[in-house]
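Please look at the sequence and the model below, and then follow the paragraphs beneath them one contact at a time.

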Amino acid sequence: QARGQGLGLVRSERIPGFSGLSAALSADQDQGEIRLGSEGLALDLKPLFDRPIGLEQFSGLFAWSRAPDGSLRLTGRNLALENADLRGRARFALDLPALGTDPGPFLDLRASFTDGNGAKARPYLPVGIMHKDLIAWLERALVACRISQADLVLRGPLHRYPFRAQEGVFQLVIEFEDAVLDYLAGWPRIEDAKGTLRFQNQGLDIQIGSGRLLDSKVLAASATLPDLWSPRRLAIHGESEGPMSDGLRILSETPLSRQLGTLSRSLEVQGRSRLDLDLSVPLIRGEPLGVNGRVTWPGPAGVALKDTPIALVGLAGELGFTVDSIGARSIRGQLWGRALDMSIATRNPGDTKSATSEIRAHTRIPIEDLAARAPSPAWRLASGNLDLELGVDLRNADLKETSLPLVIGLRSDLRGLALDLPPPLGKPANRAGKLDLRADLVPGRRLVLSGGLDLLAMNLDLDLDRNPGTAGAHLVRGRVRLGGEPATPPDASGLVVDGSLKELDVPVWVDWWKRVQGNLKGPQPTAGSGVPGFRSASLRIGHLNLGGPSLTQAYVRAEPLNGGKPGGGAG
């Protein structure tokens, strides 16, 4: 029989160590018990827990008994513990076989804890059964949290842990709330999280039922590690819903910015979106991060390309992205009030020089809508609807530019479009044609139009900021070619018209001009404005009708008088 204070026991391979123990002992050579009532107890539970665990209050009953074969049974009952980080109760039974015999120690441990401080959870992690990279991840990830409840069960032969063949059970279930989780460097934290962390035999599973990611509501999230002993990758899944601007922030403020981030500078968004994100996080250095994300729109939402008339609203469908690509088979929306179907794909993903995001869309637009967004008197010569294939190419290598270069393609069979032009350029609405136009655009700086319409081809180089403070585009140089051959850029400034036609009826064109010239008047450049104008024209015409005489195999050339200076004419 004994009573003591400040008692200690040096840890051995078989028995935990402790210090600061106050106890009442009753024992003989075969059995005994210790009644505990300690303040300031320190436990040494290595190697399962690698740091000392300090307890301000510790009480309960320890007992042991020795069997005739030399085996030893240790038990703990009604164990109550408390410190600044947690409060808990526990019980255990540890069977130690006689030296030199099998099967080894058998432990049955049950514990529960409340009011824990998750930010200081490191000393209470069973690191003896965890990989060092996982320990480092948990230390960083658990920035703050309150543990409302934690329950531990460890039952089985210790030498068979982690019980891969179900020889025993290890389960640590931690209910947490008010958590801040820094789950991956460079990615936005999950705030105000509530959920469960579960160690189950060799695996780890984290489930989050609610939280906040940027300004979005976290609907669900999880992190899974199948094997704590050979952790290669941590699988993270998250679902959130909130403002679409959060999606742009993820592109610009995470490792995705290296490939896709500054794309956000060229987009304007409105409305709300839902994000489903899967991350495969390497726990071994040198392995790449895996990203698979999906964006959908549960309510009204829109996206626009800055400094262009392209603005989509009423988005529906699904947009996917990886660490170096974006893609969508079918996104539906409205462009200028008209239905549009769009697909997105990344060509050559991962190649920093050639990777290109390709946007393809189909819509049918009335001519008056096009005229309203790209004002020009020339639209008065067209009527009807334009069935249009629209393409926009964004080179990933250009995403770091201040003004994002765009390649915009327009294609149409022109059915439904009427052109009020004399032959051979005019057409009725029911006749097919061919529009194939490419626009190389640097918003606010430069626009190069190439391609053409049936027999009319063009290559126009337009300066969009040559005269700051003035509206419209200014022609630097250009070529208009008749006859169906491609138009190549001219060698000098100004506008060149050339090509060939099978026939041209001059009186018809004169009558047409008298009829439409009033409708085609628009703002004219002032003298000295610096706008290069017409430079020359050279046409070959198989049959030229002059309104009396007619010519075959005619060659017509025109150029400005006086070098095109104000007051000069054409000769």
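Arg 110 counts as partly exposed in this predicted model, because its relative accessibility of 29% falls between the limits of 20% for buried and 50% for exposed. Its side chain meets that of Asp 108 in a salt bridge, with 2.9 Å from N to O, and Asp 108, in contrast to its partner, is buried, with a relative accessible area of 17%. In general, side chains of opposite charge can pair when their charged atoms come close.

A second pair to find is Asp 387 and Arg 364, which form a salt bridge whose closest N and O atoms are 3.4 Å apart. Asp 387 lies in strand 24, made of residues 382–395, while Arg 364 lies in strand 23, made of residues 356–366, so this pair ties together parts that are 23 residues apart in sequence. Asp 387 is partly exposed, with a relative accessible area of 25%, and Arg 364 also counts as partly exposed, at 39% relative accessibility.

The next pair takes us to two loops. Asp 50 forms a salt bridge with Arg 122, and here the closest N and O atoms are 2.9 Å apart. Asp 50 is found in the loop between strand 4 (41–44) and strand 5 (53–55), and Arg 122 in the loop between strand 9 (106–117) and helix 1 (132–141), so the contact ties together parts that are 72 residues apart in sequence. Asp 50 is partly exposed, with a relative accessible area of 31%, whereas Arg 122 is buried, with a relative accessible area of 13%. These two residues do not stand alone, for Asp 50, Arg 51, Arg 122 and Glu 139 are linked in a network of salt bridges. For the model, the count comes to 32 salt bridges.

From the loop that holds Asp 50 we can step back to strand 4, which comes before that loop. Which of its side chains are buried? Along strand 4 the side chains alternate, with Leu 41 and Leu 43 pointing to one face and buried, while Ala 42 and Asp 44 point to the other face and are not buried.

Strand 4 also has neighbours with which it pairs. With strand 2, residues 17–27, the pairing is antiparallel and runs over three bridges, and in it Asp 44 of strand 4 is the bridge partner of Gly 17. Strand 4 pairs with strand 5 in the antiparallel sense as well, over three bridges, where the bridge partner of Leu 41 is Leu 55 in strand 5.

Methods
Residues are numbered from 1 along each chain as its sequence is written. This is a predicted model: local features need pLDDT of at least 70, side-chain atom pairs count only at pLDDT 80 or more; totals for chains, interfaces and linings use all residues. Side-chain values use heavy atoms; hydrogens and water are left out. A salt bridge is a side-chain nitrogen of Lys or Arg within 4 Å of a carboxyl oxygen of Asp or Glu. Helices (H or I, at least four residues) and strands (E, at least two) are DSSP runs, numbered from the N terminus. Buried means under 20% relative accessible area, exposed over 50%, partly exposed in between (1.4 Å probe, protein chains only). Two strands pair if DSSP finds at least two bridges between them.
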